[in-house]
Amino acid sequence: MSEPIAAIATGAQVAAIGIVRLSGEGVIPLVERLFTPAGGLPLSAQPDRKLCYGRLCRRDGSLLDLCLVTVSRAPNSYTGEDTVELQCHGSPLLLRTLLEELFALGARQAGPGEFTKRAFLNGRLALSEAEAVADLIDAESDEALRNAAGQLSGAIHRRAEAVYAALSDISAHYHAVLDYPDEDIEDFQLLRYRGVIRQALSELETLLRSFERGRLMNSGIPTVIVGRPNAGKSSLLNALLGYDRAIVTAVPGTTRDTIEERLRLGGLCLRLIDTAGIRDTEDEVERLGVQRSRAALERAELVIAVVDGSRDYTAEDREILQAAEAAKRGLVVLSKRDLTAVTEHIETRLPVIPVSSVTGEGLDALEQAIAALFPLPDTPAGEILTNARQRDAVARAVEDLRAALDALEQGLTPDLVLTETEGAMAALGELSGRSVREDVTNRIFQRFCVGK
């Protein structure tokens, strides 16, 4: 695992700075063959984590760039191995040429997430912390950014480890009494640990409940805009996005398919879906669009029902409002407030926000209404589960602890209760990475970028 790897750690586009990262055995002398510090002190004698300015050359001695280099020696580096980072000018051609020079000297191309994978395998990061690196890179809202940063600092790992340690104490006491009956060890009385098991279960149930928020936080909130044809749905989409994404005309039925865009609204990330106007139609293409609109409605976490305030309220509007009321969360936009108002009041239990997509009137109120439907949880930043693997591990630990408490209440023998608590420990080990399988580890890091 310590063979030298190298990769471009910045994007492929032209930029002011481009970074090439190396990790593994022998990377410092390898880079020394291409880089000469300006002060004369060789790279191998440079202190850790100090920028060193110098000449970067090809193997034939011709100048490639003037750059900055830092070294971090094992085990006190990101990966736990010797690492080198070269901060060059951000020419994609320059960076690719540098990589080719490094490969010719014995480094190989790093795979997706291989630097972070090495950090995990070398004990520098728990698995939940390693997963947080990808979440931090992919974060599209302030809430997701804060939670990923908290996970990266070990918030979930510490919480799971505290439960693991409490359960481990129970198991250690039981096995010590069982294996060393002649030693002066306090008798094992399982009932004394009932409170510990209950507290562990409560902690994990709280963690498990955070997953729904974490799922929406990371993947975005599926938000469907529905209404009659020409009600102002596409105009609302364009107004929220700040540019013309959907075609808007006075002809009803212009939108024939669902259009999806991601939108950062306050601290939330919405997967905003504009739909075809819902109505009965003989047009085959439009009818397929209406079917897709109804399917999107069923999957939505938030439905924004648009009612044209410049036209009479109809039975079709009422049907659409009923669909919004049946959704997990919904609100009503009374559109076209810049025109003469015809429909002023609507009977519905949902919030109603008058909006003009032309003047921008009501857009701030709409943002506030959406935020109110998704209040921030009490869970501290970093302690929200964000992926199905984490959720599955905690769910199995919860199931095992419930079984342990049930066995304890039924007065079953300690070994049966301990079988369940040790099952919970094994599940928590998967959360932190203590006992995760190699194939699972490989799948986790496949979602990373090369160079991370």
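## Salt bridges of the predicted model

Glu3 has a relative accessible area of 43% and is therefore partly exposed. The structure described here is a predicted model, and it contains 27 salt bridges. Three of these pairs are listed below.

| Salt bridge | N to O distance |
|---|---|
| Glu3 and Arg108 | 3.1 Å |
| Arg118 and Glu114 | 3.4 Å |
| Arg402 and Glu205 | 2.9 Å |

The side chain of Glu3 is paired with that of Arg108, with 3.1 Å between the closest N and O atoms. Because Glu3 belongs to the segment before strand E1 (5-8) and Arg108 to strand E7 (residues 108-109), this salt bridge ties together parts that are 105 residues apart in sequence. Arg108 is partly exposed, at 30% relative accessibility.

A salt bridge also links Arg118 with Glu114, at 3.4 Å from N to O. These two residues are four positions apart in helix H3 (residues 114-121), so about one helical turn separates them. Is this pair buried or exposed? Both Arg118 and Glu114 are buried.

The third pair, Arg402 with Glu205, has an N to O distance of 2.9 Å. Here helix H13 (residues 388-409) supplies Arg402 and helix H7 (residues 194-209) supplies Glu205, so the contact ties together parts that are 197 residues apart in sequence. Arg402 counts as partly exposed, with a relative accessibility of 47%.

Which residues are joined into one network by salt bridges that share partners? The network consists of Glu3, Glu81, Arg108, Glu114 and Arg118.

Conventions: Residues numbered from 1 in each chain as written. Predicted model: local features only at pLDDT ≥ 70, side-chain atom pairs only at ≥ 80, totals over all residues. Heavy atoms only, no water. Salt bridge = Lys/Arg side-chain N within 4 Å of Asp/Glu carboxyl O. Buried < 20%, exposed > 50% of the residue type's maximum accessible area, 1.4 Å probe, protein only.
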